[in-house]
Amino acid sequence: MNSKFLGTGVALVTPFNSDLSVNHEALANIVNFNIKNGTEYLVICGTTGESVTLTKQEKKDVIKTISETNNGRLPLVLGIGGNNTAQVVDEIKSTDLSGIDAILSVSPYYNKPTQEGLYQHFKAISEASPVDIILYNVPGRTSKNMEPSTTLRLANDFDNVIAVKEAGNNMPQYLELLKNRPEDFLVISGDDDLALGTVLAGGAGVISVIGQAFPKDFSEMIRLGLKGNTKEAYKLHFKLMDVIGYIFEENNPAGIKAVFEALGLCDDTVRLPVVPATDELKEKIKAYLS
């Protein structure tokens, strides 16, 4: 089993200055904050990083800042995905993946392929990738569920398909994956609210949004879950439960950036079409933190 990706990974935000340029200093601070507080690995340029609104050059610069700040301390996962298979393959081939431990590749959105189409898309990615692949199923964003049978077919057919980040908020689907997966295939929660339950059922951990703001408590909760220490783990889950709800109430990453602003780690600037959290939500977050 690939122990690099056991525990808590965090889908890092991309902090922006008020002029919408990338705030690399804040990004480096968030990376260090997570490394110091128990996060096990870092995910670069995922949905939470607003990757769809970053230019190619900005992506390169973000990767550079995170890689240099990390300096080999934690494994790194890079988001490379999309709904044009040839373009994703080209991006994999043209990206410098030295120092990257795996890519996280979202299933195609908008064009709604069949299960066979999803399989062929990831087959092409597997054949192109020099590093391991974490599949990413998030039907709420893609409008198409990658069914467990497709995920498991990919897991069985391709050695470099090592894990799935499952984010359908669908516990029966998690359980089906856990029941039928190959022994060394990792089922990673992409749902912060279901992460502990998934781990207790045999999951490998989580790629979290809220974890980057509360890395000490969140990563400890997952470690306790991996050890089967249910009672202690649920104490931390209940402590974090309200704020997990808040950050997804309006939009991700507007919610998590509002938390970071309240914590003084970066401001709440996001790029359109995402807008900042409302004052009502910010008040709830401040009340929770105090």
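Select α5 and α10 (230-247) to begin: each of these helices supplies at least two residues of the lining of the second largest pocket. The model on display is a predicted one, and every value quoted on this tour is computed from it.

**The second largest pocket**

Keep α5 highlighted, since this helix gives the most to the lining, with three residues. Next, display Val138, Arg141, Gly190, Asp191 and Phe248, which lie nearest the centre of the pocket among its 25 lining residues. The volume here is about 390 Å³. Colouring the lining by residue class will show eleven nonpolar, nine polar and five charged residues.

**The largest pocket**

α5 (139-142) also leads to the next stop, as one of the elements that supply at least two residues each to the lining of the largest pocket. Add the others to the selection: α2 (56-70), β3 (76-79), α3 (85-94) and β4 (102-106). Which helix provides the largest share of this lining? It is α2, with six residues.

To find the middle of the pocket, select Ser51, Lys59, Gly79, Gly81 and Glu91, which lie nearest its centre. The complete lining comprises 43 residues, and the volume is about 1200 Å³. By class, the lining divides into 16 nonpolar, 18 polar and nine charged residues.

**The barrel**

Hide the side chains and show the strands as a cartoon. Eight strands form a closed barrel in the order β1-β2-β3-β4-β5-β6-β7-β8, with parallel pairing. Neighbouring strands of this sheet are turned against each other by 25 degrees on average, direction ignored.

For a detailed view of one pairing, select residues 161-166 (β6) and residues 186-189 (β7); these two strands pair in the parallel sense over four bridges. Within this region, Val164 stands opposite Val187 of β7.

Now bring back α2. This helix lies across β2 (41-44) and β3, and runs at about 170 degrees to β2.

**An aromatic pair**

The structure holds four aromatic pairs. One of them is formed by Phe214 and Tyr288: the ring centres are 6.0 Å apart and the planes make an angle of 80 degrees, an edge-to-face arrangement. Why is this pair worth tracing along the chain? Phe214 lies in the loop between β8 (205-208) and α9 (215-226), and Tyr288 in helix α12 (residues 279-289), so the pair ties together parts that are 74 residues apart in sequence.

**Lys112 and its surroundings**

Move to the loop between β4 and α4 (115-128), where Lys112 is found. What does Lys112 touch, leaving aside residues up to four places away in sequence? The contacts are Ser143 and Lys144. For contrast, draw a C-alpha to C-alpha distance from Lys112 to Ser98: the two residues are 14 apart in sequence and 32 Å apart in space.

**Backbone features**

Finally, inspect the backbone in three loops. Most residues other than glycine have a negative phi, and most peptide bonds are trans.

- Leu20, in the loop between β1 (7-11) and α1 (24-36), has a positive phi near 75 degrees.
- Pro253, in the loop between α10 and α11 (254-263), is joined to Asn252 by a cis peptide bond with omega of about 15 degrees.
- Pro273, in the loop between α11 and α12, is joined to Leu272 by a cis peptide bond, again with omega of about 15 degrees.

Notes. Residues numbered from 1 in each chain as written. Predicted model: local features only at pLDDT ≥ 70, side-chain atom pairs only at ≥ 80, totals over all residues. Heavy atoms only, no water. 1 Å grid on protein atoms, 1.4 Å probe; cavity = no way out; pocket = protein on both sides within 12 Å on 5 of 7 lines; lining within 4 Å. Points joined across faces, edges and corners; volume = space filled by probe spheres on them. Nonpolar A, V, L, I, M, F, W, Y, C, P; charged D, E, K, R; others polar. Pairing = 2+ DSSP bridges. Axes fitted to C-alpha atoms, helices over the stretch in contact; angles between N-to-C directions. Contact = heavy atoms within 4.5 Å. Phe/Tyr/Trp six-rings, centres within 6.5 Å; stacked < 30°, edge-to-face > 60°.
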